[in-house]
Each structure stands twice: as C-alpha cells, then as structure tokens.
Amino acid sequence: MDELENIILSEHSKRFGYRTIMASRNLWNMRSNFLFGSRCCIIQHSAEILLKLVSFRPFGAKCINADNKALENEDLLNNLLTMGVDIDRAKKRQPGVFNRMVTNEQELQVFLLSKGASKEVIASIISRYPRAITRTSESLSKRWDLWRKIITSDLEIVNILERSPESFFRSNNNQNLENNIKFLHSVGLTHKCLCRLLTNAPRTFSNSLDLNKQMVELLREICVSLGHSDPTDFIRKIIYKNPFILIQSTKRVKTNIEFLQSTFNLNNGKLLLLICGPGAGILDLSNDYVKRNYTNIKEKLFSLGCTDKEVQTFVLSYPDVIFLAEKKFNDKIDCLIEGKISISQIIKNARILDSSISTLKSRIKELVHAGYNLSTLNINLLSWSQKRYKAKLKKLNV
C-alpha cells in the first residue's frame with residue numbers, strides 16, 4: 001500500500017509541477033505559486049491531509065519546476081514591487097537572486113530604516129545591487145559595527161551605500177573585513193586614511209588579507225630601494241594619494257614605476273616626489289594604456305614643434321594628462337590651437353586640459369566675444385570653476 005501510494009503521489013507531483021522531498025515520515029510536495037511563492041502540503045503515508053496549502057519559502061535552494069528550470073520567486077517579486085524596487089534593473093544586474101527561495105528583503109529594509117536610510121534609498125540600493133537582500137540581519141549588524149570603527153556616523157555609511165551599494169554588500173566575510181582593518185591600521189594608516197579607503201575604494205577591505213599584505217610589502221621594498229628613510233610614511237602617502245592602489249596587482253604597480261623612472265630619467269629623489277604626489281594615480285593604470293597615451297602625447301606635441309625636453313616637462317608638470325585617451329587629448333589640443341592659443345601657452349598651463357572640449361569651446365567663444373585676447377593674456381581661466389569663471393566673464397562684459 002505504501003509503495004503504491006508513493007507512486008501515485010510521485011506521478012501527481014510530476015503532473016502538476018511539484019517538487020518532491022522525502023522526509024522520514026512525511027512526503028513534502030512544493031510548487032511555485034503564481035501570487036504567493038511556494039505552497040506545500042504535508043501528506044502522511046496514510047494519505048490523510050493534515051495541513052492545507054500554506055505560503056512559505058523554505059531552505060536556501062532555487063525553485064525548480066517539472067522541466068528542471070529555475071522559477072522566479074513570486075513572493076519576492078511582490079515584496080520588492082511594494083518596496084519600490086526597479087525589478088527590470090535588478091534582474092539585469094543579478095538575475096539569479098530572483099530564483100532564490102529564501103531572501104531577507106524585509107529584514108534589510110527594517111535594518112536600513114533603523115540606520116536612517118529612506119525607503120527610496122533602500123529601493124535604489126536593491127535595484128542596483130539585488131544581492132543585498134541575501135544578507136542576514138546578524139551579518140548586516142556585524143558588518144555595520146565594523147564600518148563604524150572607521151566611519152563616524154550611520155548617515156555617512158548610508159551615503160556611501162547610496163553611491164556604491166556594492167561596497168558594503170559585495171562580501172559577506174566579516175572576519176576578513178576585521179582582519180584587513182587591523183592590518184592596515186598596524187602598518188601606519190591613520191583613521192583619516194582608512195576612511196578615505198572605505199569611501200573611495202571599499203574593495204580594499206574585500207581583498208584577502210594576503211593580497212593587501214603583498215602590496216604593502218612591495219611598497220616597502222620600493223621605499224627602501226629609492227632610499228626613503230621612513231617606509232611607514234611612504235606607504236601612507238602613496239595609499240592616501242591613490243586609494244585604489246591596494247586593489248591593483250603588484251606587477252602593474254612595479255611595471256609603472258619602472259616606466260616612469262626610465263622614460264623621464266628620474267633620480268630616486270625625483271621619482272619619490274612624483275609617485276608620492278601628482279603621479280601616484282598613474283601607478284594603477286594599465287601599463288599598455290600608459291605607454292600608448294604617452295606615445296600619442298609625444299607624437300602630437302612633436303607635430304606642433306615641441307622638443308623631447310618640452311614634452312617631458314609638460315607631462316611631469318601635469319601627470320594627469322596621461323589619463324587622457326588618444327582622441328580626447330588630440331581633440332583638446334586642436335580645440336585650443338584653433339582658439340589662437342599657442343602650444344607654448346598650453347605646455348605652461350597644462351591644467352586647462354582638465355576642462356571638457358565643450359567647455360573649452362564655449363569659454364573661448366565667450367572670452368573672444370568679450371574682447372579677451374587669449375594669445376597674450378592668462379589662459380588658466382579656461383579651467384576655473386564655473387562660479388569663478390562666470391564672475392570674471394561678467395566683469396569683462398561690463
């Protein structure tokens with residue numbers, strides 16, 4: 001009788017898309033419900049129905065239908081829609097989350113509301129990083145406490161999450177986070193530096209402890225090889241200037257330092273000043289990208305009559321120019337030349353390349369219209385803040 005009953009129940013489950021799980025005394029049948037998630041009924045071997053269909057989401061497995069295809073959790077979808085989450089956007093980001101039978105979206109909302117986040121911010125966080133709803137309240141609380149060791153207020157953390165939800169929810173390894181905080185503090189990073197890292201490069205704390213140790217050791221070796229007397233100060237300066245360096249490979253950083261020293265014929269002292277100051281950002285760029293952009297800068301400036309020494313002076317005075325891709329750099333130079341600005345003026349005032357092409361064009365036009373002679377007067381106002389520039393333009397027009 002038991003065997004026959006099991007066969008009948010099994011066939012019934014297949015027919016209606018149930019998922020069958022055998023327990024010691026009960027047979028559990030579950031299927032996805034269009035409106036309310038998964039339903040189940042517990043049927044004794046005697047076939048007597050003890051419980052009617054009830055709504056719940058057991059275990060952490062995916063919902064699977066009779067064709068062995070993942071089913072979306074309708075209960076979850078309804079919750080997220082009620083919370084104002086952009087479902088389409090969330091599905092594009094992390095579609096697998098919507099097949100989970102266990103999620104914690106409501107607990108997440110309660111937790112973040114208690115920390116001062118608005119419902120709109122919470123909906124935005126989930127829309128951009130749906131995996132946030134898989135974190136438990138206990139894990140969230142522990143992680144929040146660790147962040148508070150660095151960040152001074154809950155509101156600051158909420159603001160970081162609003163800008164970059166991945167920074168908080170990407171990893172669930174709180175022990176690794178704690179170990180990294182202790183290690184980075186032990187190598188001399190101040191509270192201010194740790195705060196900068198967490199705000200700008202939070203992936204640093206998701207790194208394995210070994211990866212962070214490898215980069216710090218490389219920086220210490222570079223410091224010693226360049227004759228710097230204080231490795232702790234050197235490491236702190238570079239990381240503060242370039243908070244992304246710890247999430248780069250040691251090979252990339254080492255190769256870029258070698259490129260800077262050999263290309264510009266820098267002695268140890270000048271190289272230290274460069275990488276601890278305005279050139280720190282170059283260290284985490286792709287070496288191919290750095291070489292390609294520098295080659296383009298040389299070719300463009302050579303075509304305008306510059307010498308190799310002038311090119312080097314130009315780049316060293318404003319290392320950020322290496323960040324400009326070939327077309328963008330060339331277009332900006334052409335725009336300035338067309339505006340009757342000489343290449344010698346550009347080399348002496350390289351920071352004007354900070355401005356976008358559209359800003360350069362509009363300001364050149366406005367200044368010429370106001371009678372300002374760009375070929376003989378100061379051209380730095382092309383890169384001034386909008387407020388300061390408008391005030392100057394107003395005076396010129398008067």
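Me: Before we start, what counts as a contact here?

Reply: Contact means heavy atoms within 4.5 Å. This is a predicted model, by the way. Leaving aside residues up to four places away in sequence, Arg135 touches Asn104, Leu140, Phe169, Arg170, Ser171 and Asn172. Arg135 itself sits in the loop between α5 (119-128) and α6 (137-148).

Me: How do you know that Arg135 has no salt bridge?

Reply: A salt bridge needs a side-chain nitrogen of Lys or Arg within 4 Å of a carboxyl oxygen of Asp or Glu. For Arg135, the nearest side chain of opposite charge is Glu166, 9.5 Å away, so the buried Arg135 goes without one.

Me: What makes the link between Arg135 and Phe169 a polar contact?

Reply: The cut-off for N or O atoms is 3.5 Å. The Arg135 side chain reaches the backbone oxygen of Phe169 at 2.7 Å, so the pair falls inside that limit.

Me: Why is Arg196 called partly exposed?

Reply: Buried means under 20% relative accessible area and exposed means over 50%. Arg196 comes in at 29%, so it belongs in between. Arg196 lies in helix α10 (residues 191-200).

Me: Over to α4: how do you know that its buried residues line one face of the helix?

Reply: The buried ones in α4 (residues 105-114) are Glu105, Leu108, Gln109, Phe111 and Leu112. Looking down the axis, they fall within an arc of 165 degrees, so they line one face. Val110 and Ser114 are exposed, on the face turned away from the buried side. The cover over the buried residues includes α2 (74-83), α5, α6, α7 (154-163) and α8 (165-169).

Note on methods
Residues are numbered from 1 along each chain as its sequence is written. This is a predicted model: local features need pLDDT of at least 70, side-chain atom pairs count only at pLDDT 80 or more; totals for chains, interfaces and linings use all residues. Side-chain values use heavy atoms; hydrogens and water are left out. Helices (H or I, at least four residues) and strands (E, at least two) are DSSP runs, numbered from the N terminus. Buried means under 20% relative accessible area, exposed over 50%, partly exposed in between (1.4 Å probe, protein chains only). Lys and Arg count as positive and Asp and Glu as negative; His and the chain ends are not counted. A polar contact is a pair of N or O atoms within 3.5 Å; within protein, one must be able to donate a hydrogen and the other to accept it, and residues adjacent in sequence count only if both atoms are side-chain atoms. The arc is that of the directions from the helix axis to the C-beta atoms.
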